[in-house]
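Visitor: I would like to go through this model with you, one question at a time. Could you take me from the chain as a whole to the individual contacts?

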Protein chains: 2
Amino acid sequence: MPHIVTRRVALAAAFFAGIGIASSAFAQSPSSNPLPSWNDGAAKGAITDFVGRVTHETGPDFVPAPERIATFDNDGTLWAEQPIYVQFAFMIDRVRALASKHPDWKRRQPFKTVLDGDHKALAALDARELLTLMAATHTNMTTDDFTTAVSDWIATARHPRFDRPYTDLVYQPMVELLRYLRANGFKTFIVSGGGVEFMRPWAERAYGIPPEQVVGSSGVTKFQLRPDRKTLLWKEAKVEFIDDGPRKPVGINRFIGRRPIFAFGNSDGDQQMLQWTADGRGARFMGLIHHTDAEREWAYDRQSHVGKLDRALDEAKTRGWTVVDMKRDWRTVFRFEDATVGTR
Amino acid sequence: MPHIVTRRVALAAAFFAGIGIASSAFAQSPSSNPLPSWNDGAAKGAITDFVGRVTHETGPDFVPAPERIATFDNDGTLWAEQPIYVQFAFMIDRVRALASKHPDWKRRQPFKTVLDGDHKALAALDARELLTLMAATHTNMTTDDFTTAVSDWIATARHPRFDRPYTDLVYQPMVELLRYLRANGFKTFIVSGGGVEFMRPWAERAYGIPPEQVVGSSGVTKFQLRPDRKTLLWKEAKVEFIDDGPRKPVGINRFIGRRPIFAFGNSDGDQQMLQWTADGRGARFMGLIHHTDAEREWAYDRQSHVGKLDRALDEAKTRGWTVVDMKRDWRTVFRFEDATVGTR
């Protein structure tokens, strides 16, 4: 990922470049063993204990169903975010796809860098160059056309390491966890730094989370009524909201209007969402996924450009939040690893 | 209501002053006769016909349940908006409640006008003065404190004409309609020019619409973490989004991410929401409430400052949208009119 100097500009770029913010989680499915991809241990135990307590009607920690709000970061929490955020891969492919209509891009930066496929130069793009790429690939079109572009891409693009569709890179334990929570009366939301319009076209199929439960970064759109009464929403090249870090609680308040009782992330960009969740009254669950499995997925934390997990990890340890050690706690990471998963 | 010169400033004031945007609707309940407060006629027939068609699984107009998104304006559509928008009444009462802490308000405008109870002068306040009042009553506090202020007020304040709690002024036909739609797999949303944080504390009880399904105008909030790890969201004196007119489709796209198949309003501020709904593929329902009943409620349309219905009414007639004539189409307007309603 590019070396980024200014956090604020980087965040704007993150949205425009589709650089989501990483976080972490774990999961199970509703039945005799609702979380089959989780190994028995502290993390799984903390989840099932929490769900048991808040759903026990006569217990001291009971929470009425409408208040069972669970929020999840997306990149690095619900699916893989390495080697680059998926929305960034989309942006690169989109520059390539649009290049024939823009012959000047072969000579013009930052497009030339993308078209040359120079990974080193690509990683060195600055925030302003990323914004230029985002504007060229994500804006000046209708929302409907953007949705089509995302849907077409996600159906055909393949992850460079696993040579599979990106949606195969969702974490099976987290899919089970989402299902388990919903079976227990929770409403599950994505709260991501990624672009909300990038996630919505596939989140329902991948996670069972409908568009209206996806909170993310957004650009300005404008309504237009054409003379024939046809309507459209036009995506302008202007950032509206970056749903990351201290803006995650803001986004939760704006879109959901209730404080979560359960939140999962994997990076420092999720720290304030967990703080906000922790500070409510009654039983709370705060979880972080720690990427510790270089073999099945990736191992990274404090030094990573993508999904940096540093201060949030310290706070989790200090405050007793649940830290999922991917290598230790997940029996299965991806569904495709384990042919038996499909039959459960 | 004040005479307002500039539409844009007026809209900002509308949010800050709690001047929601009026619209209209009708309703029934799910059973043998799901809409008992509706008289038989074209409006009721159009609703039940539409719901029948989109839920008929083998019919040509079938819409899968997740896509059954229904959006409703609030002021004038789900509850009364006369003689002033309810949020405006809240603002006035709040100025009075806070006056003891601000002795200078007795001499300072625009506070003096409010404290003097001079209705004529109140109605003549300009947009900037309204913004000042909104900032003083709706901002520079935590979101939690604002929620408490709204909840306390709505539990005790009484409507000047009916001498009843404002939530008694919800339209019984619309409550029935919301219930009927939900019973038929619809997800019901409010999409209002009113402040989202003003509506959420009571919308679930009044309409069965949870906070996360309320879309409205909002101010900027900022997350703060105090040294003791306590968190708060601080409401700043800055408008963020005015969810009215052409911004209603924008708000729907941002918060819901799907185009409604059913939309109800009552004013020109709802026109674009109806245009956006009308322009989707497949079966659509667009409704407007026309306030025609001065005896049971109010009669107003093209000349009204509150809930002006002019261009939208013309478009509805041209395009065959459903126009509810309150006097003709509603057997009951308010639940308290009819002692038998409670037993149904």
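Guide: Let us begin with a term: two residues are in contact when heavy atoms of theirs lie within 4.5 Å. Please keep in mind throughout that this is a predicted model.

Visitor: Of the contacts in chain A with a separation of 6 or more, what percentage do residues 24 or more positions apart account for?
Guide: Chain A is built from 13 helices and 9 strands, and buried residues make up 60% of its 344 residues. Among its contacts with a separation of 6 or more, the share that comes from residues 24 or more positions apart is 70%.

Visitor: How many residues of α11(A) are buried?
Guide: The cut-off to apply here is a relative accessible area under 20%. Among the residues that satisfy it in this helix are A:Q271, A:M273, A:W276 and A:A278. α11(A) is mostly covered, and the number of its 8 residues that are buried is 8.

Visitor: Which element gives the largest share of the side of chain A that touches chain B?
Guide: On this interface, 39 residues of chain A are in contact with 39 residues of chain B, and the area buried between the two chains is about 3400 Å², with 46% given by carbon and sulfur atoms. In chain A, the residues that lose the most area to chain B are A:E212, A:F223 and A:R254, together 19% of what that side buries. There are 29 residue pairs in polar contact between the chains, counting pairs with both residues at pLDDT 80 or more, and the elements that give two or more residues to the side of chain A include β3, β4, α10 and α12. The largest share of that side, 5 residues, comes from α10(A).

Visitor: Which residues are linked with A:K187 in a network of salt bridges?
Guide: Between chain A and chain B the count is 14 salt bridges, whereas a search of the whole structure finds 52 over all chains. In one of the salt bridges, the side chains of A:K187 and B:E212 meet at 2.8 Å, N to O. The network links A:K187 with A:R258, B:E204 and B:E212.

Visitor: Is B:E315, which meets A:R229 in a salt bridge, buried or exposed?
Guide: The side chains of B:E315 and A:R229 meet at 2.9 Å, N to O. B:E315 lies in helix α12 of chain B and A:R229 in the loop between β4 and β5 of chain A, so the pair joins two chains. A:R229 counts as partly exposed at 33% relative accessibility, whereas B:E315 has a relative accessible area of 5% and is therefore buried.

Visitor: How many residues apart in sequence are the parts that A:D268 and A:R311 tie together?
Guide: The side chains of A:D268 and A:R311 meet in a salt bridge at 3.9 Å, N to O. A:D268 lies in the loop between β6 and α11 of chain A and A:R311 in helix α12 of chain A, so the parts that the pair ties together are apart in sequence by 43 residues.

Visitor: Which backbone nitrogen does the side chain of B:H159 reach?
Guide: B:H159 is found in the loop between α7 and α8 of chain B, and its relative accessible area of 4% makes it buried. Leaving aside neighbours within four places in sequence, B:H159 is in contact with residues including B:Q82, B:R164 and B:W298. At 3.4 Å, the side chain of B:H159 reaches the backbone nitrogen of B:F162.

How values were computed: Residues are numbered from 1 along each chain as its sequence is written. Chains are lettered from A and ligands numbered from 1 in the order in which they are written. Side-chain values use heavy atoms; hydrogens and water are left out. Buried area is the accessible area (1.4 Å probe) that two parts lose on being put together, summed over both. A salt bridge is a side-chain nitrogen of Lys or Arg within 4 Å of a carboxyl oxygen of Asp or Glu. A polar contact is a pair of N or O atoms within 3.5 Å; within protein, one must be able to donate a hydrogen and the other to accept it, and residues adjacent in sequence count only if both atoms are side-chain atoms. Helices (H or I, at least four residues) and strands (E, at least two) are DSSP runs, numbered from the N terminus. Buried means under 20% relative accessible area, exposed over 50%, partly exposed in between (1.4 Å probe, protein chains only).
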